Every structure is written in C-alpha cells, then in structure tokens.
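Let's take a walk along this chain together, from one end to the other. Keep the viewer open as you read.

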Amino acid sequence: MNWPPKTDARRHHDPEIRGFASDNYAGAHPEVLAALALANGGHQVAYGEDDYTENLQGIIRSHFGATAEAFPVFNGTGANVVALQAVTDRWGR
C-alpha cells in the first residue's frame, strides 16, 4: 500500500474556530488519529473480541483493579447510555 494514501479530500471548516455545544463538535486528538491509523492496517474480530479491546481491558484493570471493565463507545451520548444502564435496574424508571 502506498502511504500516505492519495485523496482529493479537503478541509471545509476553519480549524481555529471552537464550538462547545456538543462533544461531537471537536476533532480527534492527533495521538488518537495516529493510533487509529496504526490499528487500521489489517483485520481484527469485532465487538470486543479484538486484541485492542483486550489491551484496553488490561490497562483499565491496572489502574482500577482486577474487576474493572471498560465499555468503549463512540461518543458522550453512548457513554451516558452505558453509564445509566450500569446503575439502574432494567425494570426501573
């Protein structure tokens, strides 16, 4: 594969303007993008059965204890849903 890949992509926004109405407004941190690019080379099993999620679980347990578990989600709304499900009964209100 040729790196970096050729693209016709262009920026459609001013990167100096900041908006704080949503966690979805901000771009990803450069280290996150670099890690994603590194992980993007090849195939992995999905839905938590991959080597990256296993590594994440080890990091979380090293910081928070042997029973800690991470549930990676896409954004803040996903995190809110997982957190609320974790602290409420399924039949609760």
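The expected span of a helix is 1.5 Å times one less than its number of residues, and helices here are DSSP runs (H or I, at least four residues), numbered from the N terminus. Before we use that, some housekeeping: this is a predicted model, so to speak, with local features needing pLDDT of at least 70 and side-chain atom pairs counting only at pLDDT 80 or more, while totals for chains, interfaces and linings use all residues. Residues are numbered from 1 along each chain as its sequence is written, and side-chain values use heavy atoms, with hydrogens and water left out.

Start with the segment before α1. Arg-11 sits there, and it counts as exposed because its relative accessibility is 54%; exposed means over 50% relative accessible area, buried under 20%, and partly exposed in between (1.4 Å probe, protein chains only). Measure from Arg-11 to His-43, 32 residues away in sequence, and you get 29 Å from C-alpha to C-alpha. Gly-27 is found in that segment too, and with a relative accessible area of 69% it is exposed. Its C-alpha atom is 9.1 Å from that of Pro-15, twelve residues away along the chain.

Next comes helix α1, residues 30–39, where you'll find Val-32. Val-32 counts as partly exposed because its relative accessibility is 43%. Together with Leu-33 and Leu-36, Val-32 makes a nonpolar surface patch of about 280 Å². For such a patch, residues need over 30% relative accessible area and no salt bridge, and nonpolar side chains (Val, Leu, Ile, Met, Phe, Trp, Tyr) are joined within 5 Å, whereas like charges are joined within 9 Å. A salt bridge, in turn, is a side-chain nitrogen of Lys or Arg within 4 Å of a carboxyl oxygen of Asp or Glu. The areas come from the Shrake-Rupley method with a 1.4 Å probe, and for residues only the protein chains shown count as cover.

In the loop between α1 and α2, stop at Tyr-47. Tyr-47 has a positive phi of about 60 degrees despite not being a glycine. Most residues other than glycine have a negative phi. Tyr-47 is also exposed, since its relative accessibility is 83%.

Now for α2, residues 51–64. At 1.5 Å a residue its 14 residues should span 20 Å, and the end C-alpha atoms are indeed 20 Å apart, so the two agree. Which residues of α2 are buried? They are Thr-53, Gln-57 and Ile-60. These cover an arc of only 65 degrees around the axis, so they lie on the same side of α2; the arc is that of the directions from the helix axis to the C-beta atoms. On the other side, Asp-51, Glu-54, Ser-62 and His-63 are exposed. At the start of α2, a side-chain oxygen of Asp-50 comes to within 3.1 Å of the backbone nitrogen of Tyr-52. Just after the helix, Gly-65 has a positive phi of about 110 degrees.

Asn-75 is in the loop between α2 and α3 (76–87). Asn-75 caps the N-terminal end of α3, with a side-chain oxygen 3.3 Å from the backbone nitrogen of Thr-77. The backbone nitrogen of Gly-78 lies 2.9 Å from a polar atom of the Asn-75 side chain. Such a polar contact is a pair of N or O atoms within 3.5 Å; within protein, one must be able to donate a hydrogen and the other to accept it, and residues adjacent in sequence count only if both atoms are side-chain atoms.

Technical notes. Helix = DSSP H or I, 4+ residues; strand = E, 2+ residues; numbered from the N terminus.
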